[in-house]
Amino acid sequence: MNVLPKIHSLETGPLDEAGLSQLAAVMATSLVAPLMVYLRGDLGAGKTTFTRAMLRKLGYKGIVKSPTYGLLERYTLSHFEVVHVDLYRIAQAGELEFLGLQDLHSSKSVFMIEWPERGDPHLAAPDLTIRFSHAGTERELLFAFHTSITENLQIVLANSIQ
Ligand SMILES: Nc1ncnc2c1ncn2[C@@H]1O[C@H](COP(=O)(O)OP(=O)(O)OP(=O)(O)O)[C@@H](O)[C@H]1O
Ligand SMILES: [Mg+2]
């Protein structure tokens, strides 16, 4: 893995749901694989909404459920295999083995992981962390880019945040 010399980050101002979804669509247009994305933030902070909007832009037409109960949903698209995971309900990180995430890694895989802290230390390191915070009725996002695979994504997102 190529680690960037320093972590680059980007912060949005307050976004309504349309604005948050628009940013997720921008991310879809410059998505790369394989990619590990950690989605951090409180209950209801917008993690599933972001993933759903990204999947829509990637062309997925079906229902995008929150994986809260199933823990994991897979979406096979033409260029990507998106694996949407929600670890909120795992009792202990050791349960990750039963999910078999390792077996889902491929050159096309994009992991979107909600509540990644519940998987410590069994989860692969992230290329990108998106932190979602409540800002009144809206949400603020902080993107932290950890590896060089995200370089183009950084540029595209930076351009659309300005
Ligand atoms: N930018 C936004 N502004 C206002 N409301 C939003 C925004 N983004 C999402 N919401 C709303 O917040 C609610 C919760 O969103 P979501 O399910 O995406 O949260 P989550 O982070 O996945 O929560 P959980 O940790 O419970 O899975 C939804 O009703 C959604 O419509
Ligand atoms: Mg969610």
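Here are a few questions and answers about this predicted model.

Q: Why is Ala33 called partly exposed?
A: Count its neighbours: Ala33 has 15 other C-beta atoms within 10 Å. Buried would need 20 or more, and exposed would need 12 or fewer. The count of 15 falls in between, so Ala33 is partly exposed.

Q: Where does Ala33 sit in the chain?
A: Look in the loop between helix 1 (17-29) and strand 2 (35-41).

Q: What makes Phe80 and Ser107 contacts of Ala33?
A: Two residues are in contact if their C-beta atoms lie within 7 Å. Setting aside neighbours within four places in sequence, Ala33 has such contacts with Phe80, Ser107, Lys108, Ser109 and Val110.

Q: How do you know which residues surround ligand 1?
A: A residue counts if its C-beta atom lies within 6 Å of the ligand. That gives 21 residues, and the closest are Gly46, Lys47, Thr48, Thr49 and Arg139. Helix 2 (47-57) gives the largest share of this shell, three residues.

Q: Why is Lys47 counted as charged, and Gly46 as polar?
A: Lys is on the charged list, while Gly goes with the polar ones. Sorted this way, the shell around ligand 1 has six nonpolar, eight polar and seven charged residues.

Q: What makes Val37 and Phe111 stand out in the largest nonpolar core?
A: Of its 34 residues, these two touch the most other members. Helix 1, strand 2 and strand 5 (109-114) are among the elements that each supply at least two residues of this core. Leaving out residues up to four places away in sequence, Phe111 touches Leu35, Met36, Val37, Val83 and Val85.

Methods:
Residues are numbered from 1 along each chain as its sequence is written. Chains are lettered from A and ligands numbered from 1 in the order in which they are written. This is a predicted model: local features need pLDDT of at least 70, side-chain atom pairs count only at pLDDT 80 or more; totals for chains, interfaces and linings use all residues. Helices (H or I, at least four residues) and strands (E, at least two) are DSSP runs, numbered from the N terminus. A nonpolar core is a set of buried Ala, Val, Leu, Ile, Met, Phe, Trp, Tyr and Cys residues joined through C-beta atoms within 7 Å.
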